[in-house]
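Work through the exercises below with the sequence and the model open side by side. Each task is followed by a solution in steps.

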Amino acid sequence: MEILFEQSPYLWIIGGILFLALEFVFPGTFIMFLGIGGIITGIAARLIPMSFTAQVIVWMISTLASLILGGSAVKKLFKSESTVDPFLKDDYLQQIVPVEVDVLVGQLGGKVKFQGTVWDAISQNEKIPKGAKVRILSRNNLTFTVEKISLED
């Protein structure tokens with residue numbers, strides 16, 4: 001057991017390198033910070049003789065510090081962008097869809113089917129029975145506002 005503690009700085013460094021390599025297999029950046037903590041612990045254990053318990057504490061602290069400092073650096077380096085395709089934004093407007101459950105005036109309870117999904121629907125003018133066809137006028141979260149279409153449409 002004594003030889004394990006003598007070789008522990010190298011084991012921490014090897015473990016840290018393995019964690020860094022595992023980052024390529026299981027991406028997500030968290031494993032990388034465990035590896036950085038392991039390498040820092042190995043270097044510290046090589047420079048300053050310490051017990052295994054102290055090494056584990058150094059590993060936890062160095063991992064946490066690298067996670068906090070490195071996490072913000074990674075966020076700055078790899079900025080996330082959210083793009084909205086303006087052509088798909090209102091692709092539901094003016095679509096003709098079937099009524100699945102009677103659509104009520106100004107209150108929830110009605111349902112329409114759009115692109116294979118059943119959505120909540122309300123009407124502004126009249127109650128619309130199941131089976132009728134409606135035109136989508138607008139959307140508020142997961143609820144469509146619809147109007148009944150005439151046979152000429």
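**Exercise 1.** In which helix is the place of Ile68? Then decide whether Ile68 is buried or exposed, and find the surface feature that Ile68 helps to make.

Solution.
Step 1. The model is a predicted one, and in it Ile68 lies in helix H4.
Step 2. The relative accessibility of Ile68 is 56%. The cut-off for exposed is over 50%, so Ile68 counts as exposed.
Step 3. Ile68 belongs to a nonpolar surface patch of about 510 Å², together with Phe30, Leu64, Leu67 and Leu69.
Step 4. Helix H4 spans residues 52-77 and gives the most to this patch, with four residues.

**Exercise 2.** What is the order of helices and strands along the chain, and how are the strands arranged in the barrel?

Solution.
Step 1. Count the elements: the chain has five helices and five strands.
Step 2. Place them along the sequence; the pattern reads α-α-α-α-α-β-β-β-β-β.
Step 3. Follow the strands in space. They form a closed barrel of five strands in the order E1-E2-E3-E5-E4, and the pairing is mixed.
Step 4. From one strand to the next, the twist averages 55 degrees.

**Exercise 3.** How many bridges join strand E4 to strand E5, and which residue is the bridge partner of Ile136?

Solution.
Step 1. Recall the general rule: strands of a sheet pair through backbone hydrogen bonds, in either a parallel or an antiparallel manner.
Step 2. Locate the strands: E4 covers residues 133-140 and E5 covers residues 143-148.
Step 3. E4 and E5 run antiparallel and are joined by six bridges.
Step 4. For Ile136, the bridge partner in E5 is Val146.

**Exercise 4.** Where is Ile122 found, and which residues does Ile122 touch beyond four places away in sequence?

Solution.
Step 1. Ile122 sits in strand E3, which runs over residues 117-123.
Step 2. Leaving out residues up to four places away in sequence, list the contacts of Ile122: Val103, Leu104, Gln107, Leu108, Thr143, Phe144, Thr145 and Val146.
Step 3. Val146 in this list is also the E5 bridge partner of Ile136.
Step 4. Add a distance: Ile122 and Asp102 are 20 residues apart along the chain, and their C-alpha atoms are separated by 9.3 Å.

**Exercise 5.** What share of the chain counts as buried, and what supplies the exposed area?

Solution.
Step 1. The chain has 153 residues, of which 26% count as buried.
Step 2. The chain exposes about 10,700 Å², and carbon and sulfur atoms supply 64% of this area.
Step 3. Among contacts between residues at least 6 apart in sequence, 40% join residues at least 24 apart.

Notes. Residues are numbered from 1 along each chain as its sequence is written. This is a predicted model: local features need pLDDT of at least 70, side-chain atom pairs count only at pLDDT 80 or more; totals for chains, interfaces and linings use all residues. Side-chain values use heavy atoms; hydrogens and water are left out. Two strands pair if DSSP finds at least two bridges between them. Helices (H or I, at least four residues) and strands (E, at least two) are DSSP runs, numbered from the N terminus. Axes are lines fitted to C-alpha atoms, for helices over the stretch in contact, and angles run from 0 to 180 degrees between N-to-C directions. Patches are made of residues with over 30% relative accessible area and no salt bridge: like charges are joined within 9 Å, nonpolar side chains (Val, Leu, Ile, Met, Phe, Trp, Tyr) within 5 Å. Accessible areas come from the Shrake-Rupley method with a 1.4 Å probe; for residues, only the protein chains shown count as cover. A salt bridge is a side-chain nitrogen of Lys or Arg within 4 Å of a carboxyl oxygen of Asp or Glu. Buried means under 20% relative accessible area, exposed over 50%, partly exposed in between (1.4 Å probe, protein chains only). Contact means heavy atoms within 4.5 Å.
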